[in-house]
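This report considers selected local features of a protein chain. Please keep the sequence and the structure in view while reading.

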Amino acid sequence: MDGVIQKLTDFINKKGIKVVTISEPNHRSYTSHTFNFELMKSLLKNTGINTFSTEKLGVFDAMIIDQYLHRVPGGKKLPADSFEFKGLGTKRWFTYFKKLRDDRYNLVGAEFNPYNPYKYEKEVMEELFSKKFIDSFFDPIDGGGDIQTETENDKLAKASFDCIEDFYKNRESFWMMNIKRVLKGFDNLFIVGFHLSKGDPIGKMIKKMYPDSSLFLASAALNITTQILILDDKYSQPDTFNRALEHGIYKEKVEKIDKWAPPTPFEKSRKGGFSLTKVTKENKSQKIRGIGCFIGMTEAEYERGKKVSDIHLPLSFYDFVVFMRDSEYREDMYL
């Protein structure tokens with residue numbers, strides 16, 4: 001792992017890279033998120049990149065975390081378990097950032113936040129954010145009703161809450177808008193997650209903004225363990241299938257995915273533990289597997305070993321592939 005991180009750090013410095021995106025073999029991969037954590041520390045120590053974000057880290061989440069880490073009025077510290085943060089693999093980031101000066105890093109959120117889970121006491125939130133929001137902003141937390149906005153923080157947080165009303169329609173455009181906002185403000189970024197490759201709308205925007213100073217990394221593994229969500233066969237139609245997933249009407253197993261998505265030729269050709277492969281004309285058409293939160297299927301599909309193909313990603317979407325032999329599943333990597 002250390003050798004790959006050193007190679008990437010040297011390349012980033014040599015090429016003047018300002019924006020780095022990196023995927024995972026699967027969202028709850030302890031292995032890849034450990035690598036991402038160590039890479040983040042190396043970038044912060046050895047390059048000009050000091051702004052960090054991840055998929056699922058909402059703008060309001062990041063505001064809370066930022067205040068909690070170093071900027072609570074009067075130096076007070078709120079218990080970490082008072083908050084239910086999202087952000088892929090970032091749990092260890094917060095502990096590390098707490099040791100640093102405020103001006104050493106920027107932790108930023110770009111995704112939406114569902115509003116209902118934020119049922120914190122109004123007095124606690126007003127003290128935490130002291131004059132960062134309009135006085136009445138946190139009233140709905142106690143009594144419901146419309147959120148009043150005045151400051152830029154008010155408007156940004158409310159927009160992130162509103163996005164959930166049509167998640168599938170709004171998510172990517174909201175995320176893209178905020179990454180663009182972050183880049184205009186800080187001019188550098190390291191961000192973890194899918195939907196960020198050169199083949200995705202957000203990645204295309206980044207490449208256009210930073211044509212010669214952006215770097216797109218893929219993570220791949222030979223042995224991937226993740227969630228398999230198994231639904232009753234009566235939910236086989238797309239609309240009922242998605243509705244059942246949303247309402248948690250499934251059985252969950254954590255297994256290797258080889259039965260449904262065998263390793264690709266590229267993955268099988270890698271040897272040893274961690275390695276770094278440059279994407280070239282010769283290998284760009286090869287593919288790796290990338291799983292988001294889970295693989296979902298009906299009981300019949302599970303029993304017959306239905307092959308899953310929509311998780312295959314071409315290497316042409318990336319500049320380098322970080323390969324690891326095993327991707328270990330851990331549920332808390334989603335926090």
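In which loop is D187 found? The model is predicted, and in it D187 lies in the loop between α8 (167-186) and β4 (189-192). A second residue, H195, is found in the loop between β4 and α9.

**Positive phi angles**

Most residues other than glycine have a negative phi. D187 nevertheless has a positive phi, near 65°, and H195, which is not a glycine either, has a positive phi of about 70°. The table lists these angles with the relative accessible areas.

| Residue | Phi | Relative accessible area | Class |
|---|---|---|---|
| D187 | near 65° | 34% | partly exposed |
| H195 | about 70° | 30% | partly exposed |

Partly exposed denotes the range between under 20% (buried) and over 50% (exposed). D187 is therefore classed as partly exposed, with its relative accessible area of 34%, and H195 counts as partly exposed because its relative accessibility is 30%.

**Helix α9**

Helix α9 comprises residues 201-209, and I202, G203, M205 and I206 are buried in it. Viewed down the axis of α9, these buried residues fall within an arc of 160°, so they line one face of the helix. K204 and K208, on the other side of α9, are exposed.

**Strand β7**

In a regular strand the side chains alternate between the two faces of the sheet. Strand β7 (residues 275-278) has S275 and T277 on a covered face, while L276 and K278 form an uncovered one. β7 runs antiparallel to strand β11 (residues 320-327), and four bridges join the two. Within β11, V322 is the bridge partner of L276.

Definitions and conventions: Residues numbered from 1 in each chain as written. Predicted model: local features only at pLDDT ≥ 70, side-chain atom pairs only at ≥ 80, totals over all residues. Heavy atoms only, no water. Buried < 20%, exposed > 50% of the residue type's maximum accessible area, 1.4 Å probe, protein only. Arc of directions from axis to C-beta. Pairing = 2+ DSSP bridges.
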